Amino acid sequence: MTVARAAAARAEMVEEVRAMALACAEQTGRPVLSPRVLAALAAVPRHRFLPGFEIAHAYANDAQPIGHGQTISQPFVVALMAELADIGPRDSVLEIGTGSGYQAAILARLARHVRSVEILPELAAQARRVLEELGYAVAVTTGDGRLGDAAHAPYDAILATAAAPRIPPALIAQLRPGGRLVMPLGPAGGAQTLMRGVRDAGGGLDLHACLDVRFVPLTGGPA
Ligand code: SAH
């Protein structure tokens, strides 16, 4: 029963995200979301990452609170970040800010290896449990993601799902040349911009602004 209702709600969510992507494509003149990313969105049971939520809320195209003052991102933004990271089936991907684990599950459908770092141990434990139950092989670690996860670098893509005024240098250092960084930049609670950067051979980052967004801040004191 729940499974059938969830599947119907998920199909509706994917249609809403697709419509939003088409509206953006009309403005920008290029496709915004690929079939591969939309298929990942259609496959991951978002409600499992939002226990205690009504199915309709779990699949609304909105951000939702996940406790501890944190939020799961809007499905369109989750899809857009995955798209901007340009993930191939052989890629190794690092996410900063596991939260509910939902974005990590989407990434796991697109990449070969996914690691995710979460600063709050309770959220890391809960995400780890759900990801495992659903069979997603994501390595969730607890720590300050501003330091990345050097032991498994370099990565083909790094996504941060929390905002900071500046890009943590470790994240750039842990990208391979040609690797993509997708992250919201800007002050806590203020105007933030989702940025996409591609690392060049010299260790620099070619950065472009993609969308005005609002994310929770990357926390942890001075890094
Ligand atoms: N990707 C998540 C959304 C996460 S919200 C999802 O799909 O649900 C941002 C998350 O970043 C929160 O869980 C927050 O605790 C975490 N976070 C904040 N600062 C962090 C840091 N320095 N290192 C790692 N995680 C951090």
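Let me start with the surroundings of the ligand, where, in this predicted model, 26 residues make up the shell, and the closest of them are Ser100, Glu118, Asp144, Gly145 and Thr219. If we sort that shell by residue class, we find 11 nonpolar residues, 11 polar residues and four charged ones.

Which elements of secondary structure supply at least two residues each to this shell? They are strand 2, residues 70-72, strand 3, residues 92-96, helix 5, residues 102-110, and strand 4, residues 113-118. Of the contributors, strand 2 gives the most, with three residues.

Turning to the polar atoms, I would like to go through three distances between the ligand and the protein. On the oxygen side, an oxygen atom of the ligand lies 3.0 Å from a polar backbone atom of Gln103. On the nitrogen side, a nitrogen atom of the ligand is 3.0 Å from an N or O atom belonging to the side chain of Thr161, and a nitrogen atom of the ligand is 2.8 Å from a polar backbone atom of Thr219, a residue that we have already met among the closest in the shell. As for the covered surface, the ligand taken alone exposes 570 Å², and the protein buries 99% of that area. The space that the ligand takes is, moreover, the largest pocket.

Let me now move to the aromatic rings. How many aromatic pairs does the model contain? The count comes to one. In that pair, the ring centres of Phe49 and Tyr102 are 5.9 Å apart and the ring planes stand at 65 degrees, and because an angle over 60 degrees counts as edge-to-face, the pair is placed in that class. The two partners come from distant parts of the chain, 53 residues apart, with Phe49 in the loop between helix 2, residues 35-43, and helix 3, residues 55-58, and Tyr102 in helix 5. Helix 5, as you will recall, is also one of the elements that supply at least two residues to the shell around the ligand.

Finally, two points on the backbone deserve a look on the screen. The peptide bond running from Ala153 to Pro154 is cis, with omega near 0 degrees, and Pro154 itself is found in the loop between strand 5, residues 138-142, and strand 6, residues 155-160. The other point concerns His68, whose phi is near 55 degrees, which is a positive value in a residue other than glycine. His68 has its place in the loop between strand 1, residues 64-67, and strand 2, and strand 2 is the element that gives the most to the shell around the ligand.

Technical notes: Residues are numbered from 1 along each chain as its sequence is written. This is a predicted model: local features need pLDDT of at least 70, side-chain atom pairs count only at pLDDT 80 or more; totals for chains, interfaces and linings use all residues. Side-chain values use heavy atoms; hydrogens and water are left out. A residue is near a molecule or strand if one of its heavy atoms lies within 4 Å of it. A polar contact is a pair of N or O atoms within 3.5 Å; within protein, one must be able to donate a hydrogen and the other to accept it, and residues adjacent in sequence count only if both atoms are side-chain atoms. Accessible areas come from the Shrake-Rupley method with a 1.4 Å probe; for residues, only the protein chains shown count as cover. On a 1 Å grid over the protein atoms alone, a cavity is a set of points where a 1.4 Å probe fits but cannot get out, and a pocket is an open set with protein on both sides within 12 Å along at least five of seven lines; lining residues have an atom within 4 Å of a point. A molecule sits in a cavity or pocket if more than half of its atoms lie within 2 Å of its grid points. Helices (H or I, at least four residues) and strands (E, at least two) are DSSP runs, numbered from the N terminus. Ala, Val, Leu, Ile, Met, Phe, Trp, Tyr, Cys and Pro count as nonpolar, Asp, Glu, Lys and Arg as charged, and the others, Gly among them, as polar. Rings of Phe, Tyr and Trp (its six-membered ring) pair if their centres lie within 6.5 Å; planes under 30 degrees apart count as stacked, over 60 as edge-to-face and the rest as tilted.
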